[in-house]
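Reader: I would like to learn how to read a structure feature by feature. Can we take strands, helices and empty spaces in turn?

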Amino acid sequence: MKTTTRVAVIGGGVVGCSVLYHLTKLGWSDVMLLERSDLTSGSTWHAAGGFHTLNGDTNMAALQGYTIKLYRELEALTGLSCGLHHVGGLTLADNQDRFDMILAERAKHRFMGLETEVIGPDEIKKRAPITNINGIVGALFDPLDGHLDPSGTTHAYAKAARMGGASIETHCMVRETNQRPDGSWDVVTDQGTIHAEHVVNAGGLWAREVGAMAGVYLPLHPMEHQYLVTDDLPEIYERDSEHPHVLDPGGESYLRQEGRGLCIGFYEQPCRPWAVNGTSWDFGAELLPDDLDKIEQSIAFAYDRFPILGTAGVKRVIHGPFTFAPDGNPLVGPVPGLRNYWSACGVMAGFSQGGGVGLMLAQWMIEGETEQNTFSLDIARYGKWISPGYTLPKVIEFYQKRFSVSYPNEERPAARPNRTTPMYDIFSRMGAVWGQQFGLEVVNYFARDGEPDYETPSFRRSDAFAATGREVRGVREGVGINEVQNFGKYRVAGDHARAWLDRIMAGRVPQPGRVSLTPMLSPKGRLIGDFTISCLSETEYQLTASYGAQAFHMRWFDQHQEDGVSVENISDQRTGFQIAGPKARAVLEACTGTDLSDMKFLDVRHMRVGMTDCIVQRLSYTGDLGYEIYCDPMAQRQLWATLWAAGEPLGMVPFGMRAMMSLRLDRFFGSWLREFSQDYTPAETGLDRFISFKKNVDFIGREAAEAERETGPSRKLASFEVAAEDADVQGYEPIWLDGAVRGFCTSGGYSHHAGKSIAIGFVPSDRLAEGLEAEIEILGQMRPARLITTPLFDPEGERMRG
Ligand SMILES: Cc1cc2nc3c(=O)[nH]c(=O)nc-3n(C[C@H](O)[C@H](O)[C@H](O)COP(=O)(O)OP(=O)(O)OC[C@H]3O[C@@H](n4cnc5c(N)ncnc54)[C@H](O)[C@@H]3O)c2cc1C
C-alpha cells in the first residue's frame, strides 16, 4: 500500500469511486481510495439502480443529466457493463398543481437540451399500459430515465480510475484523520498510515463518523427505505419491449420492470430514521428486516394505480438505509473551517447524481472552482448553526415530501422556528407570516385582518398577493420598515484592510464615510458575490452581502487570509432595520433630531438613533430613498420602539420579503443566486459597471474580466414586461425569439407599483434592444413579452439619490 498520496478518498461506494475516477480524468493520478470492506458495501449494493434527470433544482437537473450521459462513456472506456436499461420514464400528474410543475420542468428542459415531453392520459396508457389513468391529468416523459446495475457501475468507475493511475485499497479501515500544521493529513488505517495532501469524505452511511474523526459535523441522516420485487408477470414478460419507469408522486412510489416482473419502491409517510445515534461500524452488507406494515398504505395506493400488482406475489423485499441532507441535495465541497478536507456525502440518489458530484468535486480540487454553480450542493449552504437536532426533523420532512410538488413560494415547517431575532414576537403580534433563510426566521409579509396568515404554496400568484401589494404601496407612497438581519455582514479591519479588499473585490474600495457596490470574482472571472462595502474608517469596513452565502463567503475569505487584516463574520452580531420610501428621511430626522439633508446617497456614518448607537448608510434595495440602520441585537427592540414611534404617525408600514422582491423589480435590481451566481460573469449581468479597471491592483478575476471586456459577452441580462395572467416568471422559463428558445429567465414577479408582470433573463447580446418582442413560456403557455430598459420607478434615480 502507498504511504503517501495527493488525495485519499475514504469510501468505496458509487460516490467515492466516481470522485476517484474524475480526479484521474482531470489529470491527478496520484490518488487512492480506502474502503473498509469491499467496494459497494454501504448503501450502494442494495440500491434499486434507477436514474432520472427530473429535479426541481435546475443545477441539480443538469448534474443528473451529466451523470446519466456518462455511463455509456464509462462502458466504452472500461469494457465493463453498467447494466444500462434506457427505457424512459413517466412522471405522473394526478392534479393541476403537479401538472403545473411538470409544465414548468418541461419548459426548463428546453434550454438545458433535455428532450422531455408532456403527454396526456391516452398516451400514458399506450406507453405504460399497466397504469390506471383514472384521475391522471398528464405526465412528463423523459427518454433518458432508466436503471442500471449498481455494483457493475461502481466497478466501472473503479476500473476507469485505476486505468487513470489511481489505486484502491479494500479491507482498509480508516480510523483517524489527523491534520498536520502544513494542512496535509495523516490518514490512519488498520493497514498503516498514509500521508495525504487532501482527504475526501465519501463515507456514505458512515460519513458522520468519518467527519467526526476530523472534528466536523456533517448535516446528514440515514433513513430506512424499502422496495419490492414481484414474481414474474405475463403482462410484463410478454411485452415486445421493456416497460418504462413510472413515477407516481401521488402514491409516493417509483416502479420499473425488473427482469420478468416489476420492482416498486416507496417514500412512505410513516417513515423511519435509521441509526439516530450513529452508524455502527459492525453494519455491513446486510439488509434491515422486512417491514411491510410501514408501507401498507402506499401498497394499497399502488394496487389501485397499477392493478396488475394485486395479481403478483412478492419475490423479494429490499429494505436498507441511505443518507439525506436536510434539503435532500448532496453535501459537496471544501468543508468550512478545515484545510484540504472535502465532502462528497449525503448523496441520496447516487446513480442519478454520483457522476456530477465526482466531476464537480474534482474540478473544485484541481482547478480551484467548478464550471457550474454548485451552491445548491455546496456544504457551505449550511452554517455553524446546523445541528443534529435540526437535521433529523428536516431529513424526515424531506423524505416525506420527496415526491411532493415543490412550489417556488413554499416554506416547509419542520425544525422551525430555529433562529429568531429579538423582533420575532413583536412582528408575530403584528401578523408576520414567516419564511426561513439560512436557519433564520424572516418575515415574508404581514397579514392584516382577513388576509391569510399562511401563504398557500402555488405556482400562480399566491394568496399573499394583496398583502404584498399593500406593503409595496406603503413604501412607495409613504415609508416602510423591515429588518436588515438577513444580510450577511462582515467586519474587515486592520492596517492592510484596504489593500486586502482591493485584491479580493473587483470594485472600488470607498473612502471613509462612503459606501460602494462591488462584485467579487473567482479567478476565472465568475461572480461569487455582490457586496456593499462601507468604509467606517481607513482601517475598518463593514461588508454586506447575501445572508445565505455567509459560510460560502467566509470560506473564501479564510482561504485568502493575509497578515494585517482580520475578517469577522458579524451577520448575527449586527442587526437593525431599513426604512424606505419618500418619508424615510423625515422618520430618521425625527429619531435623531438632526437635519439629514447633507447625508448623500451612499454615505455612511455613526449616528445615535433615539438612545441607540447605530451605523447608518443611505441606500436601499427597494430603489427608493432609504436608510439601512445597523445596531447591536441587544438594542434592537429599543431601536424599533424609537423608529416605530416616529414612523407610525407618518403612516409607516412594516413590510416583508415578498414586497422587497417586488420593489426591486421596479428598478430591475438583480439578486444573489438568481441574476448573480457563479454561473454568470460581470459583463453578462451588468455588474461590470462596478468593476474598477482603473485601480492599479491585480484583483482576483481581473484577467478574465478584462478578456471579457475585450470580446464582450455573448448573452446579457435584460428585463421584460410580460403579458402574464395569474402566473409570473419564477426563474428558468425559456425565452423564445423568432420561434426558437434563445434565452432563459433568471427571476421575475409582479411589480405591484407598476401593475405589471416583469421577467429578468438572458438573451443574446446582439438582440438586446428596447422593444424586442419575445415570448416567455410560463406553465406551458406562451406569453408575449417586450424588452424594456426604463425602470418602472424613479427612472432617473432622483428619489433614490435626492
Ligand atoms: C433501498 C434503497 C434503494 C435505493 N435506490 C436507489 C435508486 O434507485 N437510485 C439511486 O440513484 N439511488 C438509490 N439509492 C441510494 C443509493 O444507494 C445511494 O445514493 C448511494 O449508494 C450512496 O453512495 P455513497 O458512495 O455515497 O455511500 P455508500 O454506498 O454508503 O458508500 C460509503 C462507503 O464508505 C465506506 N466507508 C465508510 N467509512 C469508512 C472508513 N472509516 N474507512 C474506509 N471505508 C469506509 C463504506 O464501507 C462504504 O462502502 C437507494 C438506497 C436504498 C437504501
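Reader: Leaving aside its neighbours within four places in sequence, which residues is Thr612 in contact with?

Author: A caution before the answer: this is a predicted model. Thr612 is in contact with Met607, Cys631, Ala635, Gln638 and Leu639, once neighbours within four places in sequence are set aside. Thr612 itself is found in strand E29.

Reader: Is Thr612 buried or exposed?

Author: Buried means under 20% relative accessible area. Thr612 has a relative accessible area of 4%, so Thr612 is buried.

Reader: Which strands make up the open sheet with mixed pairing, and in what order?

Author: The general idea comes first. Strands of a sheet pair through backbone hydrogen bonds, either parallel or antiparallel. Here the open sheet has 6 strands, in the order E28-E29-E30-E27-E21-E31, and its pairing is mixed. Strand E28 (604-609) and strand E31 (653-654) stand at the edges. Each has a single partner strand, so one side of each is left without a neighbour in the sheet.

Reader: In what sense do E29 and E30 pair, and over how many bridges?

Author: Strand E29 (residues 612-617) and strand E30 (residues 626-631) pair in the antiparallel sense, over 3 bridges. Val616 has Ile629 of E30 as its bridge partner. Gln617 stands opposite Glu628 in E30.

Reader: How many bridges join E27 to E30?

Author: Strand E27 (residues 575-580) is joined to E30 by 6 bridges, and the two run antiparallel. Take Phe577: its bridge partner in E30 is Ile629. Ile629 is also the partner of Val616.

Reader: Which residues of E30 lie on each side?

Author: In a regular strand the side chains alternate between the two faces of the sheet. In E30, Gly626, Glu628 and Tyr630 are on one side. Tyr627, Ile629 and Cys631 are on the other. Both faces are covered, and all of these residues are buried. The count for E30 is 6 buried of 6 residues.

Reader: Now a helix. Where do the buried residues of H8 fall, seen down its axis?

Author: An α-helix has 3.6 residues a turn, so residues three or four places apart point the same way. Helix H8 (residues 296-305) has the buried residues Ser298, Ile299, Ala302 and Arg305. Seen down the axis of H8, they fall within an arc of 120°, so they line one face of the helix. The face turned away from this buried side carries the exposed residues Glu296 and Gln297.

Reader: What do the buried residues of H8 pack against?

Author: They pack against strand E4 (89-93), strand E12 (221-230), strand E13 (245-248) and strand E15 (261-266). The loop between E15 and H8 holds Leu292. Leu292 is partly exposed, with a relative accessible area of 37%. Leaving aside its neighbours within four places in sequence, Leu292 is in contact with Gln226, Leu228 and Val317. Leu292 and Val317 are 25 residues apart in sequence and 8.8 Å apart in space, C-alpha to C-alpha.

Reader: How many residues of H13 are buried?

Author: Helix H13 (residues 497-504) is mostly covered, with 6 of its 8 residues buried. They are Ala497, Arg498, Trp500, Leu501, Asp502 and Ile504. Their cover includes strand E22 (487-493), strand E23 (515-521) and H14.

Reader: Next, empty space. What is the volume of the second largest pocket?

Author: Rolling a probe the size of a water molecule over the atoms shows where empty space is left. The second largest pocket has a volume of about 600 Å³. Of the 25 residues that line it, the closest to its centre are Pro336, Tyr382, Gly383, Lys384 and Ala551. Helix H14 (residues 550-559) gives the largest share of this lining, 5 residues. By class, the lining divides into 14 nonpolar, 6 polar and 5 charged residues.

Reader: And how many cavities of 30 Å³ or more are there?

Author: The count comes to 2 cavities of 30 Å³ or more. The second largest cavity holds about 90 Å³ of space. Its lining includes Phe427, Asn482, Phe655 and Met657. E20 supplies the largest share of that lining, 4 residues. The lining has 6 nonpolar, 3 polar and 2 charged residues.

Methods. Residues numbered from 1 in each chain as written. Predicted model: local features only at pLDDT ≥ 70, side-chain atom pairs only at ≥ 80, totals over all residues. Heavy atoms only, no water. 1 Å grid on protein atoms, 1.4 Å probe; cavity = no way out; pocket = protein on both sides within 12 Å on 5 of 7 lines; lining within 4 Å. Points joined across faces, edges and corners; volume = space filled by probe spheres on them. Nonpolar A, V, L, I, M, F, W, Y, C, P; charged D, E, K, R; others polar. Buried < 20%, exposed > 50% of the residue type's maximum accessible area, 1.4 Å probe, protein only. Arc of directions from axis to C-beta. Contact = heavy atoms within 4.5 Å. Pairing = 2+ DSSP bridges.
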